[in-house]
Amino acid sequence: MTHLVRLQFATGGPAVSGVWADGATARRTWRDWVGLYGSDEKVVIRLTEDADGDERVLMAWERGRVVGTGSDGGPRSTS
């Protein structure tokens with residue numbers, strides 16, 4: 001299982017990303033990136049989990065806030 005954090009300065013724009021096997025490191029990176037870049041309303045930051053090709057959004061920051069949660073308690077994917 002891998003965890004991917006993706007930062008886009010505009011929806012659909014180029015992305016900066018990092019991949020980690022450790023979920024705690026990926027979550028810390030997501031929080032750090034939200035703290036550094038999240039004040040810009042155009043920024044999109046997502047933490048996803050990939051297990052055998054099945055990608056699931058765990059945390060997402062869009063429009064200056066965390067997006068709504070899905071039925072599993074995690075953020076709904078808006079992509």
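This is a tour of a predicted model, going from the whole chain to the sheet, the helix and two residues.

**Whole chain.** Start with everything selected and coloured by secondary structure. The chain holds 1 helix and 5 strands, and their order along the sequence is β-β-α-β-β-β. Of the 79 residues, 37% are buried. Switch to a surface view: the accessible surface is about 4,800 Å², with 49% of that belonging to carbon and sulfur atoms. Among contacts between residues at least 6 apart in sequence, 36% join residues at least 24 apart.

**The sheet.** Next, select the strands. The 5 strands form an open sheet in the order E2-E1-E3-E4-E5, and the pairing is antiparallel. Strand E2 (15–20) and strand E5 (65–66) each have a single partner strand and stand at the edges, so one side of each has no neighbour in the sheet.

**E1 and E3.** Select residues 2–8 and residues 44–51. These are strand E1 and strand E3, which run antiparallel and are joined by 7 bridges. To see the register, show Leu 7: the residue opposite it in E3 is Ile 45.

**The helix.** Add residues 23–37, which are helix H1. Which strands does H1 touch as it packs on the sheet? The helix touches E1, E2, E3, strand E4 (54–62) and E5. Look along the helix and then along E1: the direction of H1 makes about 10° with that of E1.

**Thr 2.** Go back to strand E1 and select Thr 2, which lies in that strand. Is Thr 2 buried, partly exposed or exposed? Its relative accessible area is 35%, so Thr 2 is partly exposed; the class runs between the 20% limit for buried and the 50% limit for exposed. Now show what surrounds the residue. Beyond its neighbours within four places in sequence, Thr 2 is in contact with Val 19, Trp 20, Thr 48, Glu 49 and Asp 50. For a distance label, pick the C-alpha atoms of Thr 2 and Ala 51: these residues are 49 apart in sequence and 6.8 Å apart in space.

**Val 16 and the surface patch.** Move to strand E2 and select Val 16, which lies in it. Val 16 has a relative accessibility of 43% and therefore counts as partly exposed. Extend the selection to Phe 9, Leu 36 and Tyr 37, and turn the surface on. Together with Val 16, these residues make a nonpolar surface patch of about 380 Å².

Terms used: Residues are numbered from 1 along each chain as its sequence is written. This is a predicted model: local features need pLDDT of at least 70, side-chain atom pairs count only at pLDDT 80 or more; totals for chains, interfaces and linings use all residues. Side-chain values use heavy atoms; hydrogens and water are left out. Two strands pair if DSSP finds at least two bridges between them. Helices (H or I, at least four residues) and strands (E, at least two) are DSSP runs, numbered from the N terminus. Contact means heavy atoms within 4.5 Å. Axes are lines fitted to C-alpha atoms, for helices over the stretch in contact, and angles run from 0 to 180 degrees between N-to-C directions. Buried means under 20% relative accessible area, exposed over 50%, partly exposed in between (1.4 Å probe, protein chains only). Patches are made of residues with over 30% relative accessible area and no salt bridge: like charges are joined within 9 Å, nonpolar side chains (Val, Leu, Ile, Met, Phe, Trp, Tyr) within 5 Å. Accessible areas come from the Shrake-Rupley method with a 1.4 Å probe; for residues, only the protein chains shown count as cover. A salt bridge is a side-chain nitrogen of Lys or Arg within 4 Å of a carboxyl oxygen of Asp or Glu.
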